[in-house]
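Biologist: I'd like to learn how to read a fold piece by piece. Could you take me through this one?

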Amino acid sequence: MLASILIVLLAMVVGILIWKHNGTKRRFRERKWAIFILLIGTVYMVGQALRFPLPNPADWIMAVCSPISNPIISWIKEGSVQK
Amino acid sequence: MSKNAGINNAEITSGQCAKLYILFALGSSALILPTVVIEIAKQDAWLTMLLAGPINYLVLMIYLALADRFPNLSLVQYMEKLIGKWAAKALMLTYVLFFLVNSALVLRNISDFLGLSVLPITPTWFIDAIFMLVVIYGVCLGIETMARTGEILYFWSTFVIFIILIALLYQLDYKNFEPLLYNGILRPIKGLYPILGFPIGEFVFITMIFPLVRKTDRKKLRKSLKLATVMITAYSVLLTLFLIGVMGVDESSRSPFAVYDLAKNINIEEILVRVEILVAMIWIGTIFMKLVLCVYVLSVSTAQLLGLSNYRPLVVPFGFVVLPLSLIIYRNIAHARVFSAGVWTVYSVFQGYVLPLLLLIIAVIMKKRDNSEGNSFENRYQANESIGDNKSGDETDSIATKEPAPT
Amino acid sequence: MFGDYLKGKSKSDSNNDKRSVRAEKHEQEGMNPFSNKPLSASLEQNMELLKRELGDASDIMYRNLELENADRTKLLIVYVQGMVDDDMMNEFVIKPLLSKLSSDQAESTSGKFLELMKSSLLPTGTVNELADWKQFLQKLFMGYAIIMVEGTDKALAAAISGGEKRGIEEPKTEMAIRGPREGFTESLRVNTSLVRRKLRSPKVWMEQWTLGEITQTPVCIMYVKGLADEKMLEDVRERLNGICIDSIMESGNIEELISDQKWSPFPTIMYTERPDTVAGNLIEGRISLLVDGTPFALIVPSTLNMFFQTAEDYYQRFDIATFLRMLRFVSFVIAILMPSVYVAIASYHQEMIPTRLLLKLAAQREGVPFPAYLEAFIMEFVFEILREAVVRMPSAAGNTISIVGGLVIGQSAVEAGIVSPAVVIVVSITAIASFVAPVYSLGIAARLLRFLLLFAASTIGFYGIGMVMLLLLLHLSNLRSFGIPYLTPFAPFKLKDLKDTLVRAPLWLMRERPQLLPSKNKIRQQTEIEPRKEPTQ
C-alpha cells in the first residue's frame with residue numbers, strides 16, 4: 001500500500017516535470033503523449049505493487065504465436081536422445 | 001558534410017554502427033544463448049553457431065537492400081510510404097510492441113542474472129530501477145553519445161573476452177566434442193531455432209539506426225556490417241566451443257548463465273581466481289548497450305508513429321512502463337522457457353524477417369525509391385563531429401602577415 | 001613591454017555588436033564617466049576633470065613642465081606610479097623634453113608641438129596619439145605615460161610601462177626532469193614572447209582582446225595560421241564575444257565561461273604553465289588563450305587523453321614515455337576506484353578474495369567499531385582535510401602537518417583499533433596515485449568522483465560501482481571540447497591518432513598531425529626517417 005502511494009507520488013513529480021519542461025519548449029503534443037504513456041506505466045506499477053493480475057503482452061504474443069511454435073518445438077524435442 | 005545541409009542530424013560513423021550491432025548481439029548471445037542452443041544441439045552447438053552466420057547475413061541483406069532504397073528513412077518511416085498510412089500505423093504498432101516487450105525481456109535478463117549471481121538479497125525492482133535510471137540518462141543523451149559509449153564498451157569487452165579465453169585455453173578437453181554429428185546434420189540445424197528469434201530477429205533495430213549513419217560513410221557501411229556479422233559469428237562460435245570444451249555438454253546446458261559459470265573455472269596459480277566478476281562487468285556493459293538501443297528505438301519509433309517532433313519526452317514514461325513489465329513478463333521459470341525458447345522466435349521472425357522482406361518485395365514491385373529526409377530527432381549539435389572532413393576551406397596557405405601594429 | 005593591446009580589437013569589432021551594445025549600457029550606468037568625450041585643449045580643465053572623476057587617487061601623478069623653446073610650451077604628464085618604470089620615465093620622457101632643444105626644435109611650432117614630439121622627441125618604442133577620454137584612461141591604466149600639450153586637444157601615450165614583475169621561473173606545477181625550465185609569468189607580453197621564442201615562424205598569429213568591463217584584462221588568442229581550423233577559431237572568437245563580465249582575474253574565469261559543458265567535474269579546457277606545451281599544441285593545430293595576470297595559458301580543444309600527457313613525454317625516449325603514460329592512466333583508475341572497490345569487497349563480496357588474504361583482513365578488522373564503508377569514508381575525508389591544510393600552509397608548517405597527519409593520526413588510529421590497517425593502506429595508495437595526474441584539474445575530478453563511487457559501493461557494492469562507471473562513461477562520451485568529442489581518438493575511433501595517446505610512438509613514426517583536428521596540413525615529417533641501420537658487410 002505504502003509502495004503504491006510512493007509510486008503515484010513519484011509519477012506525479014515526474015509528470016509535472018515533463019509537463020513543465022516540454023511546455024517551455026512548446027512541445028504540446030509530445031507532452032500529452034508522454035503523460036499518457038506515463039499513466040499506463042503508473043497503472044502497471046501500482047498494479048504490480050498491489051499484486052493485481054495485469055494484462056501481460058507475453059500472453060498475447062503466446063496466444064498468437066503458439067499454434068506455429070508448438071509443432072516446431074515438438075519436432076525439435078523428438079529424437080532428442082542422449083548419445 | 002556541409003554545415004548548412006538543412007536539419008543537421010547527428011551522425012554516427014559506419015564503424016560505430018557496426019560496433020553497436022556487435023554489442024547488441026553480444027548483449028544476449030554472450031551469456032544466455034549458448035545454454036539454450038547446447039540444450040538442443042548438444043556438443044554440435046558450435047556448428048549451429050556457425051550456421052547462424054549465413055542466416056544473419058541474409059537478414060542483414062534485406063535490411064541493407066531496404067536502406068539502399070530509402071537511405072534517409074527508418075523502417076517505421078518508409079513503411080508509410082509503401083503500404084499507405086493506416087496499414088502502416090497498424091504495423092508500426094506491432095513494432096512498438098515488439099521493442100517494448102524486447103526491452104522488458106532484456107531488463108528481466110539483467111535482474112535475473114544479478115539476483116542469481118551478484119546481488120542475491122537485493123530486491124529485484126531496486127536493481128531494475130537503478131539500471132533503468134542509467135539507461136534513461138543514456139537514451140536522453142542521443143545516438144551520438146550512445147555510439148561513442150558503445151565504442152569504448154566494445155574495446156573493453158573484446159579485450160576481456162580474449163583474456164578469459166586465453167586463460168581457459170589449457171582447460172579445453174577435446175573429448176567433450178566427440179562424437180561429432182552423432183545424430184546427423186539435423187541436430188545442429190534444429191539448434192538454430194532459438195537463434196533465429198533471439199538475437200537475429202531482434203537485429204531489426206538496426207534499420208532504425210541506418211538513416212543516422214553519416215552520408216559519406218554509406219559506402220563503407222555495407223562492408224563494416226558484413227565484417228560485424230563475421231565477428232558476431234566468431235564470438236559465438238568461440239564462446240560455445242569453450243563452453244562445451246571446458247564445462248562439457250551437461251553442465252553447460254544446465255547452467256542458466258553459462259559464460260559466467262565458465263569464467264568461474266579460471267584459476268591461475270590460486271591467485272587469479274574469481275575473475276567471473278569481469279564477465280559480469282562486460283556482460284552488464286553489453287546488455288546495457290542492448291537495452292539502451294532497445295529503449296531508444298522504442299521511443300523513436302513511437303515518436304515517429306505519433307508524428308512527434310522529439311522522442312526525448314517519451315523516454316522517462318517508457319521507463320515507467322518497461323520496469324513493471326519486466327517484472328511480470330515471466331510468471332515462472334517454466335513460463336520463461338516456453339516463451340523465450342519457442343514463442344518468442346516466431347514473433348521475432350515475423351517482425352524481423354517476414355515484415356521487412358514483404359516490404360522489400362513491395363518496394364521492388366512498386367519500384368519505389370525515396371531520398372527524402374525524415375525527422376530523426378537528432379539535431380542537437382551543428383555538425384560538429386564532421387568538422388574534420390570539411391575540405392571546402394577558402395583561406396590560402398600563403399604566408400600572410402597581419403597588418404602591422406601601429407607603433 | 002606592453003604593446004598596443006587594442007590592435008586586435010578593432011579587427012574583431014565588426015562582429016562585436018552585442019558586446020558593444022552591452023558596454024554602452026554599462027557606460028550609461030556610470031561605469032565610465034568620460035565615455036567618448038574629446039579632450040579639452042586646456043591643461044587646466046583636463047587636470048581638473050581628471051582629479052574630480054578619479055577621486056584624486058593618490059597613485060596618479062601629474063607633472064607640469066614648461067619647455068625652453070620659442071613658444072614656452074606647457075606640458076602635463078600624467079601617469080600611474082608603480083605601473084611605469086621610473087628610470088624609463090626619467091630617461092626617455094622627461095630628460096629629452098627638458099634637455100636643451102636643438103635650434104630647429106626650439107623654433108616656434110605654432111601649436112604643432114605634439115607632432116614634433118611624436119616624431120622626434122620621444123625615444124620610446126611605442127607612442128600613440130589619443131583623441132578622447134576613453135582611450136586616455138585605457139592607456140593610463142595600462143602603464144603608459146600620457147603627455148598633454150597646452151592648446152592641443154590631443155595627447156600622446158608613451159609606452160614605458162614597468163613596475164615590479166616576477167621574473168621567469170621554473171614552472172611550479174609542472175616540473176620536468178628533462179626539458180626547458182622556464183615557465184610563464186604574470187605578464188602577457190613576456191608569455192607571448194616565450195612562445196614566440198619556440199616558434200619562430202611568421203605563421204604564428206596572435207589576436208588581442210580585452211575582456212572584463214572593470215579589469216580590462218588583455219587576452220591573446222594564439223594559433224598557427226594554416227594549421228588551426230578557421231571554423232574553430234571563429235567558434236573561439238564567438239565564445240569570447242559572449243563574455244560580458246565585470247572581471248577576468250585568471251584564465252580559470254575564461255575557462256568556466258567558454259567551456260562546452262557547464263555541468264561536469266571534468267575539465268574540457270586544458271591549462272598549462274609551460275611555454276613548450278603551448279608551442280607543441282599550437283603545432284598540432286590547437287589554439288591557445290593567454291591571459292594577462294596569470295601564468296596559466298588555456299589550450300583548446302582538449303581531449304581526455306591530453307590530460308595524461310606531459311611535455312616531457314616527447315623529450316624522453318618513447319618506450320619510457322609510453323610506460324609512464326600507462327602508469328598515469330592506471331594511477332588515475334586507482335585514484336578513482338580503489339577505496340570503493342575495497343568497500344565493495346569488504347562489505348559485499350568477501351568471497352572474491354583468496355581465503356588466506358580474507359583471514360588476514362578479517363583478523364585485522366576484529367574489534368574495529370565501524371563498518372568498512374564508514375571507515376573508508378572517514379579516512380578519505382581526513383586525508384582530504386590534510387591535503388587542503390598542507391596546500392594552504394607555509395611550507396614549514398606543512399611539514400609539521402604531514403608528520404602529525406600521516407604518522408600520528410594514521411599510526412595511532414590503527415594502534416587504537418579505531419580503523420583497520422587495510423583501510424589506511426588503501427587510502428595511502430589512493431592518495432599517492434591521485435598525485436600522479438599531470439594536470440591538477442583532472443586530479444580534482446578524481447577526488448570528487450571517488451566519493452561518489454564510495455557512496456555507490458557502500459549501498460549496493462560492485463553493482464553500484466558498475467552503474468556509476470557506466471554513468472561516467474556516458475557522461476564522458478557526451479562531453480565535447482569546442483565541438484571535438486572528449487574521448488577522441490578512442491570514441492570516435494581514429495586509428496591513426498592512437499600513436500599519441502596511451503602510447504607514445506617513436507617520433508620517426510609520428511609523421512602526421514592528429515586526425516581529430518581539422519587542419520588541412522597533416523604532414524609533419526616529409527620523409528620517412530627510420531633509425532639508421534648498421535651497414536651490412
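Modeller: Happy to. Keep in mind that this is a predicted model. Let's start with one packing arrangement: helix 4 (residues 86-98) of chain C lies across strand 1, strand 2, strand 4 (144-149) and strand 5 (155-159) of chain C. Its direction is at about 175 degrees to strand 2 of chain C.

Biologist: In what order do the strands of that sheet in chain C sit?

Modeller: The general idea comes first: strands of a sheet pair through backbone hydrogen bonds, either parallel or antiparallel. Here, 5 strands of chain C make an open sheet in the order 1-2-4-5-3, with antiparallel pairing. Strand 1 (60-66) and strand 3 (127-130) of chain C are the edges; each has a single partner strand, so one side of each has no neighbour in the sheet. On average, neighbouring strands of this sheet are turned by 25 degrees against each other, direction ignored.

Biologist: How many bridges join strand 1 to strand 2 of chain C?

Modeller: Strand 1 and strand 2 (residues 74-80) of chain C run antiparallel and are joined by 7 bridges. To find one pair on screen, pick Glu66(C): opposite this residue, in strand 2 of chain C, is Lys74(C).

Biologist: Now a helix. Which residues of helix 6 of chain C are buried?

Modeller: The general idea is about periodicity: an α-helix has 3.6 residues a turn, so residues three or four places apart point the same way. In helix 6 (residues 113-121) of chain C, the buried ones are Phe113(C), Leu114(C) and Met117(C). Looking down the axis of helix 6 of chain C, you'd see its buried residues fall within an arc of 105 degrees, so they line one face of the helix. They pack against strand 4 and strand 5 of chain C. Ser119(C) and Ser120(C), on the other side of helix 6 of chain C, are exposed.

Biologist: Which strands form the edges of the sheet ordered 6-7-9-10-8 in chain C?

Modeller: That is an open sheet of 5 strands with antiparallel pairing. Its edge strands are strand 6 (204-211) and strand 8 (270-272) of chain C, each pairing on one side only. Inside the order, strand 9 (residues 287-291) and strand 10 (residues 297-300) of chain C pair in the antiparallel sense over 3 bridges. Ser288(C) has Ile299(C), in strand 10 of chain C, as its bridge partner. Helix 9 (residues 230-241) of chain C lies across strand 6, strand 7 (217-224), strand 9 and strand 10 of chain C, at about 30 degrees to strand 9 of chain C.

Biologist: Zooming out, which domains does the assignment give for chain C?

Modeller: The domain assignment gives domain 1 (32-159), domain 2 (188-302) and domain 3 (318-484). Between domain 2 and domain 3 of chain C, 14 residues of the former are in contact with 14 residues of the latter. On the domain 2 side of that contact, there are 8 nonpolar, 4 polar and 2 charged residues. The centres of domain 2 and domain 3 of chain C, taken over C-alpha atoms, are 34 Å apart.

Biologist: And how many residues do chain A and chain B bring to their contact?

Modeller: Chain A brings 32 residues and chain B brings 30 residues. On the chain A side, helix 1 (2-24), helix 2 (28-49) and helix 3 (57-77) of chain A each give two or more residues. Helix 2 of chain A gives the most, with 13 residues. By type, the chain A side divides into 20 nonpolar, 7 polar and 5 charged residues.

Note on methods:
Residues are numbered from 1 along each chain as its sequence is written. Chains are lettered from A and ligands numbered from 1 in the order in which they are written. This is a predicted model: local features need pLDDT of at least 70, side-chain atom pairs count only at pLDDT 80 or more; totals for chains, interfaces and linings use all residues. Two strands pair if DSSP finds at least two bridges between them. Helices (H or I, at least four residues) and strands (E, at least two) are DSSP runs, numbered from the N terminus. Axes are lines fitted to C-alpha atoms, for helices over the stretch in contact, and angles run from 0 to 180 degrees between N-to-C directions. Two residues are in contact if their C-beta atoms, placed from the backbone, lie within 7 Å. Domain bounds come from an automatic or database domain assignment. Ala, Val, Leu, Ile, Met, Phe, Trp, Tyr, Cys and Pro count as nonpolar, Asp, Glu, Lys and Arg as charged, and the others, Gly among them, as polar. A residue is buried if 20 or more other C-beta atoms lie within 10 Å of its own, exposed if 12 or fewer, and partly exposed in between; C-beta atoms are placed from the backbone. The arc is that of the directions from the helix axis to the C-beta atoms.
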